[in-house]
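Visitor: Please take a close look at one part of this model for me, and carry on from there in whatever order seems sensible. I would like the cut-offs spelled out as each term comes up.

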Amino acid sequence: MNIKDLEYFQAMFEEHNFSRVATKFKVSQPTISTAIKRLETELNTQLFVRDASKHRLTTTLSGQQLAEHTRIILDQVNVAQNEIKNINNGKIVLGLPPVISQSYFPQIATELAKQDLLAQIVPIEQGSAELLKLLLNGTLDMALVGSIQPFDSGRLFSQTFAKTTFKIIVSKDNPLAKQSGVWFRDLQKLDFIMFGSSFVHSEALKQLSHANHFRPKITYQSEDPQVIQGMVANNVGISFLAKSAVTNPDVVQLDLLDDPQPEFFMSLAYRTNHILSPVQQKVVDICLNIEE
């Protein structure tokens, strides 16, 4: 069975139009038609039916079943291609959320440098949600990711290497700065400066919001923890950050008094079917043995 035939079929399943699929792949319509017929012959079934009265192409039950498998097959082919490309390049593509990059990667980088491995690392910085997508499609070899509970995925191996609490941070000029702790419900009318939706902080904030029956007023979002803390220091608003991310001396950290409350777990993750090279295994060992 030809991979290209499966790519043409999947596109036909999504588009239901020979002309659009041919244009997408920059081939002739007969090329697409021949590929579909070849698959139908191999599988001894009909994959599409043309409804002349409605000028429409519909997918048969066999075609729908094949599409379920084709999606997985093409996804795995893409992952394999990305993995082999990284092997051939001699690089390790490592996903890093900004919070973990800021608080833990300097320690990791120091040990990598000692073992002459730092030059082989290609860092990709994104929020944890986006990094998980890149990990699953094979773009990343491994990633350090955050979550609000111990990481669990059938497609990914993961091991938690650190965890921390979340803090409310405010300016030294904010009246709340005189307190040591605060109830989340008392922040209902205040402006929040936050990370975007691809960050674990957003999920943790939703959890607290749901428990307290109100939606926080988010006036600005950034992917940079330093920008968030700088704005808070200037009393533009308050924020909700993992304790390990708070480095600005001009902000005040307040304990959340809510019970229960979310925690920030940090884990190393890679695909369960990914075969680690000796160099990648060294990087895994370094990441998992850093001190909190």
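Guide: The largest cavity holds about 40 Å³ of space, a cavity being a set of points, on a 1 Å grid over the protein atoms alone, where a 1.4 Å probe fits but cannot get out; its volume is the space filled by probe spheres set on points joined across faces, edges and corners. The model is predicted, so local features need pLDDT of at least 70 and side-chain atom pairs count only at pLDDT 80 or more, whereas totals for chains, interfaces and linings use all residues. Residues are numbered from 1 along each chain as its sequence is written, and side-chain values use heavy atoms, with hydrogens and water left out.

By this rule there is one cavity of 30 Å³ or more. The lining of the largest cavity (residues with an atom within 4 Å of a point) consists of Pro97, Val99, Ser128, Phe199, Val200, His201 and Phe264. Five of these lining residues are nonpolar, two are polar and none is charged, where Ala, Val, Leu, Ile, Met, Phe, Trp, Tyr, Cys and Pro count as nonpolar, Asp, Glu, Lys and Arg as charged, and the others, Gly among them, as polar.

Charged side chains come into view with the salt bridges, of which the whole structure has ten, each being a side-chain nitrogen of Lys or Arg within 4 Å of a carboxyl oxygen of Asp or Glu. One of them joins arginine 38 to aspartate 5 at 2.7 Å, N to O, and this pair links helix α3 (residues 29-43) with helix α1 (residues 3-15), the two residues being 33 apart along the chain; helices here are DSSP runs (H or I, at least four residues) and strands likewise (E, at least two), numbered from the N terminus. Aspartate 5 is buried at 2% relative accessibility, while arginine 38 is partly exposed at 38%, given that buried means under 20% relative accessible area, exposed over 50% and partly exposed in between (1.4 Å probe, protein chains only).

Lysine 167 and aspartate 255 form another salt bridge, with their closest N and O atoms 2.2 Å apart. Because lysine 167 lies in strand β6 and aspartate 255 in strand β11 (residues 251-256), the pair ties together parts that are 88 residues apart in sequence. Lysine 167 is buried, with a relative accessible area of 11%, whereas aspartate 255 is partly exposed at 35%.

Terms used: On a 1 Å grid over the protein atoms alone, a cavity is a set of points where a 1.4 Å probe fits but cannot get out, and a pocket is an open set with protein on both sides within 12 Å along at least five of seven lines; lining residues have an atom within 4 Å of a point.
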